[in-house]
Amino acid sequence: MDKMIIQGGERLIGEIQIGGAKNAALPLFMASLLTEEPVHLHNVPALRDVDTVEKLLTNMDITVKRGGRDAEVQAKALDTIEAPYDLVRTMRASVLVMGPLLARAHEAKVSLPGGCAIGTRPINLHLDGFAALGAEIDLEHGYVHARAGKLRGTTIDLPIPTVTGTENLMMAAALAEGVTVIENAAREPEVVELGNFINQMGGRISGLGTKTLIIEGVNALHGAEYTIMPDRVEAATYMVAAGMTRGNLLLKGARPEHLKAVIDKLMEAGMEIKAENGGLRCLLIGPIKSVDAKTLPYPGFPTDVQAQLMAMMSFANGLSVISESVFENRFMHVSELKRMGADIQVEGHSAIIRGKESLSGAPVMATDLRASASLVLAGLAAHGTTEISRIYHLDRGYERMDEKLRAVGAKIERVKS
Ligand code: UD1
């Protein structure tokens with residue numbers, strides 16, 4: 001298993017190209033199953049989760065060709081309708097295969113994801129939605145088996161604006177008979193991206209980016225070509241890196257309109273952030289000011305940036321309170337940050353962070369994707385050496401992170417162990 005070794009204390013200066021968004025790429029690959037025609041995707045990030053989705057689809061005898069940042073997917077027939085445990089276990093987003101399979105093959109068998117490092121994360125809302133569209137759902141031997149004739153449009157009122165739930169139901173409804181209305185839908189840019197993609201395939205989805213999605217089912221969808229949006233969480237992570245190292249980074253491709261809550265929060269913490277040349281210029285002169293934050297569904301402060309902000313607040317001037325309201329158990333990074341000397345106390349869904357002038361490098365362990373990113377950030381700003389093990393978590397969602405950081409001055413190395 002590879003490790004990341006960081007010598008902290010270097011200011012990061014230069015440019016970083018932001019890659020294609022993981023959370024947009026995954027649903028777009030899945031939506032390619034909605035048509036028998038080829039679909040072409042561009043700006044596909046080189047991530048482990050994208051390899052997993054490729055594995056999942058090729059397992060189902062679907063043709064996936066990848067070359068550099070391009071991919072072609074063609075699902076001529078859908079004879080295999082199963083997503084096995086070993087793939088769903090490594091990537092929960094595998095459950096996104098269910099909507100398209102139900103819509104086109106009228107059957108799907110998907111392993112239940114079970115728990116994960118950030119909580120129980122059930123998929124009950126996906127299943128309730130499929131049932132409302134007319135599917136029969138059985139749970140057997142750890143698998144969800146869903147069967148349906150032609151799905152029928154209906155109104156689905158989501159109690160929580162679940163992101164992948166909205167995406168799964170949107171894909172299923174795209175080929176249903178009649179109109180489906182999803183109330184309290186997720187408004188994340190990746191959901192909008194998926195909707196735009198389906199519309200480009202001939203779908204009829206309106207209300208994207210609002211709480212009410214209206215999906216007029218069509219009989220068939222056709223092939224399409226689409227360029228995946230830049231990853232807003234990768235961008236946010238490097239924004240924080242610029243702040244924590246008192247650096248100056250131009251994040252090429254980062255879209256300010258997707259990052260408003262993060263930009264506002266980091267500016268409150270003392271950073272200067274402005275749009276420049278189709279990207280974002282991010283720097284910090286002076287101290288890191290303590291700020292409070294609460295994670296919320298989009299357009300609120302993203303839960304996927306909570307751990308990174310906490311790493312930054314560990315170096316702030318004063319006390320900050322960060323509350324997690326999207327997931328029940330997303331403070332796995334706290335104990336590792338504490339090993340580096342951070343002063344953090346967790347009380348229920350909140351963490352109280354007393355900022356320190358500096359932390360000291362230490363051996364730490366990555367536990368999930370964004371928690372791992374927070375450890376890299378802490379390592380970059382700490383004094384001494386930080387050794388992060390289990391970095392396969394990072395590879396799920398950050399493309400060549402060590403190379404990108406090295407190119408802007410970080411002393412970071414990936415070693416095989
Ligand atoms: C997606 C993102 C993930 C991000 C999260 C929240 C992808 C591939 N992943 O995950 O990076 O952190 O959104 O922005 O896009 N819930 C239920 N029942 C359900 C579904 C969800 O109770 O059927 C709960 C979850 O446990 C959680 C909350 O709803 O507490 C939000 O989760 P959700 O939006 O579904 O997250 P994901 O789509 O899994």
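Where is the place of Pro 299? The answer comes in point 1, with the other backbone features after it.

1. **A cis proline.** This is a predicted model. Pro 299 sits in the loop between strand 18 (293-294) and helix 10 (306-313). The peptide bond leading into Pro 299 from Tyr 298 is cis, and its omega is near 10°.

2. **A positive phi.** His 106 is not a glycine, yet its phi is positive, at about 65°. His 106 belongs to the loop between helix 4 (98-105) and strand 7 (107-111).

3. **Ligand contacts.** Three polar contacts deserve a look. The backbone of Val 326 offers a polar atom 2.6 Å from an oxygen atom of the ligand. For Pro 122, a polar backbone atom is 3.3 Å from a ligand oxygen. With Arg 92 the side chain is involved: one of its polar atoms lies 3.4 Å from an oxygen atom of the ligand. On its own the ligand has 740 Å² of accessible area, and the protein covers 86% of this.

4. **The shell around the ligand.** Two elements give two or more residues to this shell: helix 5 (124-132) and helix 6 (163-174). Helix 5 gives the most, with three residues. In total, 18 residues surround the ligand. Leu 125, Thr 162, Thr 164, Asp 304 and Val 326 come nearest. Val 326 also supplies the backbone atom at 2.6 Å noted above. By class, the shell holds eight nonpolar residues, six polar ones and four charged ones.

5. **A four-stranded sheet.** Four strands make up an open sheet with mixed pairing. Their order is 6-7-9-8. Strand 6 (82-83) and strand 8 (136-140) are the edge strands; each has a single partner, so one side of each lacks a neighbour in the sheet. Strand 7, which follows the loop of His 106, stands between strands 6 and 9 in the order.

6. **The pairing of strands 8 and 9.** Strand 8 and strand 9 (residues 143-147) run antiparallel and are joined by five bridges. Across this pair, Glu 136 stands opposite Arg 147 of strand 9.

7. **The second largest pocket.** Its volume is about 260 Å³. The lining comprises 15 residues. Closest to the centre are Met 244, Arg 246, Ile 288, Phe 315 and Glu 357. How does the lining divide by class, and how many residues are charged? Five are charged, seven are nonpolar and three are polar.

Conventions:
Residues are numbered from 1 along each chain as its sequence is written. This is a predicted model: local features need pLDDT of at least 70, side-chain atom pairs count only at pLDDT 80 or more; totals for chains, interfaces and linings use all residues. Side-chain values use heavy atoms; hydrogens and water are left out. On a 1 Å grid over the protein atoms alone, a cavity is a set of points where a 1.4 Å probe fits but cannot get out, and a pocket is an open set with protein on both sides within 12 Å along at least five of seven lines; lining residues have an atom within 4 Å of a point. Grid points are joined across faces, edges and corners, and a volume is the space filled by probe spheres set on the points. Ala, Val, Leu, Ile, Met, Phe, Trp, Tyr, Cys and Pro count as nonpolar, Asp, Glu, Lys and Arg as charged, and the others, Gly among them, as polar. A residue is near a molecule or strand if one of its heavy atoms lies within 4 Å of it. A polar contact is a pair of N or O atoms within 3.5 Å; within protein, one must be able to donate a hydrogen and the other to accept it, and residues adjacent in sequence count only if both atoms are side-chain atoms. Accessible areas come from the Shrake-Rupley method with a 1.4 Å probe; for residues, only the protein chains shown count as cover. Two strands pair if DSSP finds at least two bridges between them.
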